[in-house]
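User: Please take a close look at one residue in this model. Then work outwards from its surroundings to the rest of the fold, in one connected account.

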Amino acid sequence: MYLGVDYYPEHWNKDMMDSDIDRMLIMGVNTVRIGEFAWHIMEPKEGYFQFDFFDEVIAKLKTKKIKVIFGTPTATPPAWLVKKHPEVLLKDENLNRVSFGGRREYCFNSDIYRRYTKKIVTELVAHYKDEDNIVAWQVDNELGHESSDLCYCEECHKSFRSFLQNKYKSIEEVNKAWGTVFWNHTYNEFDEIPLPVKTITVHNPALQLDFQRFRSKSLKGYSDFQVGLIKEIVGDNQLVTTNLPGGFFEKSFDFEALQEKCDIAAYDNYPVWGGLKEPVPPHAIAFSHDFIRGLKDKNYWILEELMGAQGHTIIGYLPRPNQAKMWAYQAVAHGCEGLLFFRWRGATFGAEEFCYGILDQDNIEGRKYYEVQSFFEDIKKYDEILKSEIKAEVALVYDYDNAWAWRIQPQSTTFNYLNEAQRLYKPFYSLNTTIDVISEKHNFDKYKVLLLPVMMVTDEEIKIRLEEFVKRGGTIILSFRASIKDRNNNLYLGQTVPCGLSELAGIEIHEVESLQEDQLVPVQGRGNFEGKSTYGTVWRDIIDCKTAEALYVYSDKFYKNKACITVNNYGKGKVYYIGSGVGDDVLYDISKEIIGEKKIDFIETAEGIEIYTRTIKDTKCTFLINHTEEDQIALGNKLEPYQVKILS
Ligand code: GAL
Ligand code: ZN
């Protein structure tokens with residue numbers, strides 16, 4: 001297992017390097033990542049390449065048997081490049097060019113930037129292609145993060161139009177697909193089509209969805225370009241990856257597509273960042289891991305795992321003693337099989353002085369150093385079992401078209417796609433079942449239960465696949481706004497909502513209501529759930545049951561007895577429909593019922609206790625994770641605050 005740190009030897013006097021490496025070794029490091037922002041050191045002037053600094057770094061690491069993951073430095077173009085070609089800088093939504101001075105300021109569609117990328121990447125990778133101490137290349141750094149996924153420059157405008165030309169072939173098809181007759185948007189030529197930049201009111205939602213797809217393709221194009229360059233030089237000698245940022249559904253690119261050509265998925269895990277009073281909750285961190293594992297349906301790496309508090313100008317919550325270490329355990333439990341902590345030592349200059357590392361400015365080994373050391377020492381014992389494949393019977397299914405369509409039209413001020421995905425995920429997580437988070441492109445055959453949050457955009461294919469899945473005995477959970485729109489992001493005409501799924505779900509929806517902040521609608525249980533109650537938030541579908549049974553109904557004046565949550569038997573399977581943003585406890589009960597029926601492994605635990613089991617042949621290894629600041633008992637074992645125990 002690759003275990004180590006992100007190291008920036010160029011930030012320090014060279015004479016600190018030996019002591020750094022010695023202390024890393026004592027801490028248990030076997031791998032470091034280097035290089036990803038150091039373009040100027042490798043090409044200080046155009047066309048003048050020098051790698052002696054990193055030659056020395058790698059040689060020193062090699063004598064200590066520490067492996068290297070090398071980042072291509074394209075996230076930070078050098079000043080000389082931008083001075084010569086300011087047109088590589090991206091343009092923001094107000095059509096202003098961003099300035100040099102941050103990072104990732106470049107446009108993914110810039111031919112000039114690709115030319116320079118090709119030169120530096122080719123020179124760098126060719127220089128180290130036979131270096132067996134380099135185990136992998138990391139492409140760029142967090143492609144698309146910090147709003148770098150969006151650009152509205154002339155180059156992008158041109159590319160967007162040819163993307164549309166390719167997709168639709170004729171302008172008449174565009175007009176038809178987008179409904180451009182509305183507000184007089186009919187186009188005669190492709191070069192009349194605007195970018196969705198600032199306008200009066202809003203752009204056409206169909207155009208906007210195509211723009212998101214175009215952005216995704218632009219990022220993938222750039223990433224694939226680099227992966228291709230590297231692979232052509234190194235063949236199978238060294239692996240290729242790219243470190244994916246957080247914020248999955250908030251981004252204008254599809255994570256699965258972006259890293260498709262990489263050998264292994266990699267992620268940067270920051271459960272808390274600048275300005276946050278507390279970390280994101282345990283189920284949200286778990287969701288991220290399951291999402292990353294789902295990209296390739298394989299275990300993955302974490303190239304940056306938070307250790308200290310982080311922030312550029314405002315600093316976030318300080319992870320409590322053993323808390324960041326616990327997050328590292330949680331990551332490996334969920335399938336991370338290579339993990340580097342960010343960063344060896346915090347910088348003492350530059351924009352990230354307050355992104356604390358394992359060591360701080362005093363350069364003394366302290367609490368964080370010893371936590372990492374004990375984690376590395378312990379986790380090495382489970383090398384074999386942590387390589388095992390994770391098998392889940394429950395899958396949460398997402399779709400980027402949907403996530404983007406919702407971002408374009410959230411419909412309620414309180415709507416958030418990730419929250420709605422996690423609303424369905426959380427009860428299964430709380431019951432300690434193993435869950436995959438996958439895009440709808442994946443095969444569903446191996447699952448017993450599918451969670452399908454807010455599936456607003458659908459097509460015939462997914463409807464047929466779901467029907468087949470249920471007919472054969474599968475259970476699906478749909479939530480509100482299911483199947484109102486087609487792939488063009490237009491509403492279906494002449495069909496009852498949920499369009500094409502109405503029979504499957506056994507319901508009809510004729511009235512809906514958007515709910516804003518603090519707007520709660522009362523909901524009451526029926527049948528098995530008699531006596532229970534909750535509130536609907538965010539949105540409500542006001543449901544008429546056809547063949548379905550109402551499990552919960554609304555109880556406010558005009559909608560009394562209209563259904564909020566329903567279940568329908570269909571073929572050998574079942575379809576649940578959750579018509580509103582209802583409370584966790586209600587979904588917990590329903591999920592427990594499903595798990596029981598489907599004979600899926602689960603363990604009930606106190607809140608904040610996570611149990612995750614990995615299996616290889618007959619060997620089991622069970623992680624008991626205490627996410628709370630209190631002592632807890634899990635499966636009869638005492639856990640101190642933020643403690644993890646592995647039973648094997
Ligand atoms: C990551 C990024 C690193 C560093 C870190 C600070 O998103 O990849 O380069 O900026 O955040 O927390
Ligand atoms: Zn651009």
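Analyst:
**A serine and its surroundings**

Serine 288 counts as buried, at 11% relative accessibility (buried is under 20% relative accessible area, exposed over 50%, partly exposed in between, with a 1.4 Å probe and protein chains only). The model is predicted, so local features need pLDDT of at least 70 and side-chain atom pairs pLDDT 80 or more, while totals for chains, interfaces and linings use all residues. Residues are numbered from 1 along each chain as written, chains are lettered from A and ligands numbered from 1 in written order, and side-chain values use heavy atoms, without hydrogens or water.

Serine 288 sits in helix α10, residues 282-296 (helices are DSSP runs of H or I, at least four residues; strands are runs of E, at least two; both are numbered from the N terminus). Which residues does serine 288 contact, leaving aside neighbours within four places in sequence? The partners are Phe248 and Tyr267 (contact means heavy atoms within 4.5 Å). Aspartate 149 is 139 residues away along the chain, and its C-alpha atom is 20 Å from that of serine 288.

Next, the 9-stranded sheet. Strand β7 covers residues 266-269 and pairs with β6 in the parallel sense over 2 bridges (two strands pair if DSSP finds at least two bridges between them). Alanine 266 in β7 stands opposite asparagine 243. Both strands belong to an open sheet of 9 strands, with parallel pairing. The order is β5-β4-β3-β2-β1-β9-β8-β7-β6. At the edges stand β5 (239-241) and β6 (243-244). Each has a single partner strand, so one side of each lacks a neighbour in the sheet. Helix α12 (residues 367-379) crosses β1 (2-6) and β9 (336-342), at about 165° to β9 (axes are lines fitted to C-alpha atoms, for helices over the stretch in contact; angles run from 0 to 180 degrees between N-to-C directions).

Then the packing. The largest nonpolar core holds 149 residues (a core joins buried Ala, Val, Leu, Ile, Met, Phe, Trp, Tyr and Cys through side-chain atoms within 4.5 Å). Val32, Phe70, Phe291, Ile379 and Phe623 touch the most other members. Isoleucine 379 touches Met1, Leu3, Tyr329, Val332, Leu386, Phe623 and Ile646, not counting residues up to four places away in sequence. A separate second core has 29 residues, including Val397, Ile438, Phe469 and Ala482. In soluble globular proteins, nonpolar side chains tend to be buried together.

Phe623 lies within the range of strand β22, residues 619-626. Strand β22 pairs with β25 antiparallel, over 4 bridges. Leucine 624 has lysine 645 in β25 as its bridge partner. The open sheet here has 3 strands, ordered β21-β22-β25, with antiparallel pairing. Its edge strands, β21 (609-616) and β25 (644-647), each pair on one side only. Twist averages 15° from one strand to the next.

Now the metal site. The zinc ion (ligand 2) is coordinated by the SG atoms of Cys107, Cys151, Cys153 and Cys156, at 2.2 to 2.3 Å (donors are N, O and S within 2.8 Å of the metal, or 3.2 Å for Na, K and Ca; water is not among the atoms, so sites may look incomplete). Why is the arrangement around the zinc ion (ligand 2) tetrahedral? The 4 donor atoms subtend angles of 98 to 117°, which makes it so (four donors qualify if all angles lie between 85 and 135 degrees). The donor spacing in sequence is C-x43-C-x1-C-x2-C. Cysteine 107 lies in the loop between α4 (79-84) and α5 (111-128), and cysteine 151 in the loop between β4 (134-138) and α6 (154-168), so the pair ties together parts 44 residues apart in sequence. Cysteine 107 is buried at 2% relative accessible area, and cysteine 151 is buried at 1%.

Last, the strands around β17. Of the 6 residues of β17 (residues 549-554), 5 are buried, so the strand is largely enclosed by the rest of the structure. Strand β15 (residues 521-525) runs antiparallel to β17, joined by 3 bridges. Glycine 525 bridges to tyrosine 552 there. With β18 (residues 563-570), β17 pairs antiparallel over 4 bridges. Valine 553 has alanine 563 in β18 as its bridge partner. β15 also pairs with β16 (residues 533-545), antiparallel over 4 bridges. Valine 521 bridges to glycine 536 in β16. Which side chains along β15 are buried? Val521, Val523 and Gly525 point to one face and are buried, while Pro522 and Gln524 point to the other and are not.

Note on methods. Tetrahedral: all angles 85-135°; square planar, octahedral: opposite > 155°, others 65-115°.
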